[in-house]
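Student: I should like to take a close look at a single part of this structure. Please treat it in one connected account.

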Amino acid sequence: MSRRLVAVAVLLGLWTLAWAGAGQMEFILPPPWRVAAALWDNRELLAEHGAITLAEILLGLGCGAGLGVLAALSLALWRPAALWLWPLFVATQALPVFAIAPLLVLWLGYGMASKVAMAALIIFFPVASAFYDGLRRTDPDLLDLARTMNAPPLAVLRHLRVPAALPGLASGLKVGAAVAPIGAVVGEWVGSSAGLGFLMLHANARLQVPLMFAALFLLAAMAILLHAAIAAGLRRALPWVHDTLDQPHARD
Amino acid sequence: MPDSALIAAPPAVRVRGAHVRLGRATVFDDLAFSAEAGRFTGILGPSGVGKTTLLKLIAGLLPADGAFIGDERGNRLSGCIAWMAQKDLLLPWLTVAENVRLGARLRGEPGGRDKARALLAAVGLEGRADDRPDTLSGGQRQRVALARTLMEDRPVVLMDEPFSAVDPLTRIGLQDLAARMLAGRTVVFVTHDPLEALRLGHAVFVLSGAPATARPIPLPADAWPRAADAPGVLAAQAEILRALAS
């Protein structure tokens, strides 16, 4: 905890130095206390827009993760899916989400749907890819054992492959949680009337730079909390997965 | 599902005309192998000679490719075999007792919880049924794997270097346990440890050459399971080590 406080203090110090060194120009880089004041003064506005962005992120995370899990399962269960669909999934990752954002806004409108779709799209691949990798890497000796036990394929998937792949899925979800805000904010930038991305664009145009920083701060805080909550939830759900870097002898 | 009558009169294991190629290497060319009913048959041999391949062939884990694999009456062995691998293969997300019940869980069969606990007690793990496998030592984990094998209650048990990952003292204890718990079944076990083969084998074959052939070796007359320090066992061990080295 004290390590984190020191890190925050150092960061604030450097920030203040940068502000002072750059000629104290508030419309380029406001000092930390101006941002804090902007956070407080605009708390209702920020809360209102923050709630919308948070809803987009959570819905996107839910949809993207759900679809990712379904995709990985169908790839693992059905060989033609792996042969035909997987290259397609990989190819969609070559398209930058920034490039399709205007299309999604065109198709799904200025409301929340296009942002949720954007976030879902960006989350889908890390989740599907990590889970699918896990499903493919079940210990072959374990599969041999299951065969001598006359286990039906669906039971092998349910009782062996899926649980063994959960640590992989967990990594995918953590990456997904970290990138989800990107999808939502990009969507808001391209076309919207609400959300933190919209607020930032608006504030930027009016040179309300402290408000912009306040929105940015809120967005970062949401992303960090979301990531921490998911990591903690996964630790609780998967007690048998040990973080060997956290053990005292890990760095011998 | 094998019934207790099958356990009372377990089948023998016969392999005839086995051909296996792995890549460009011919592992078996017309290999014949047999293990007598209700007896422990050991397979010794250098690494890479095909010991595990032979065991997998018997277990039906490799395609037979025209070979006959069955019992002395010409029946197939499917459904008669329990498998115990070199690794304990305990699932970290299940408790010890749930690991013992793995086969029933996979086949969707209810019940068997009391039997699983009884088997755990029989292998000396009373009171550990609800623990996670990662709280157990290597020897204890192998005991759970043995209990899981027994839970399947199959007349034929195939073991692939089952005790190679534990220290020598623990290994001797596990060998005694396996001899006691599996006695009366047809057991085929692979090992690279001549002492293990001599202690547990009613018959022992050395697998050697490429393509490999199985050659029986003479065994000391000591009472089974043979003591690790019996003079006959020690002499035979030296003999086997010489034969394996040449």
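Student: Against which helices of chain B do the buried residues of α5(B) pack?

Tutor: The model is a predicted one. In it, the buried residues of α5(B) pack against three elements of chain B: α3 (96-100), α6 (138-152) and α7 (168-182). Helix α5 of chain B spans residues 113-122, and its buried residues are B:Ala116, B:Leu119 and B:Leu120. Viewed down the axis of α5(B), these buried residues fall within an arc of 100°, so they line one face of the helix. The spacing follows a general rule: an α-helix has 3.6 residues a turn, so residues three or four places apart point the same way. After α5(B) comes B:Gly124, which has a positive phi, near 85°.

The contact between the two chains may be described next. Chain A contributes 20 residues to this contact and chain B contributes 21 residues. Together the chains bury about 1,900 Å², with 66% of that area on carbon and sulfur atoms. On the side of chain A, the residues that lose the most area to chain B are A:Thr148, A:Met149 and A:Trp240, together 32% of what that side buries.

As for polar interactions, there are 3 salt bridges between chain A and chain B. B:Lys56 forms a salt bridge with A:Asp144, with the closest N and O atoms 3.2 Å apart. Within chain A, α7 (140-148) and α8 (153-190) each supply at least two residues of the side that touches chain B. The largest share of that side, 7 residues, comes from α7(A). By class, the side of chain A that touches chain B comprises 12 nonpolar, 4 polar and 4 charged residues.

Note on methods
Residues numbered from 1 in each chain as written. Chains lettered and ligands numbered in written order. Predicted model: local features only at pLDDT ≥ 70, side-chain atom pairs only at ≥ 80, totals over all residues. Heavy atoms only, no water. Contact = heavy atoms within 4.5 Å. Buried area = accessible area lost by both parts, 1.4 Å probe. Salt bridge = Lys/Arg side-chain N within 4 Å of Asp/Glu carboxyl O. Helix = DSSP H or I, 4+ residues; strand = E, 2+ residues; numbered from the N terminus. Nonpolar A, V, L, I, M, F, W, Y, C, P; charged D, E, K, R; others polar. Buried < 20%, exposed > 50% of the residue type's maximum accessible area, 1.4 Å probe, protein only. Arc of directions from axis to C-beta.
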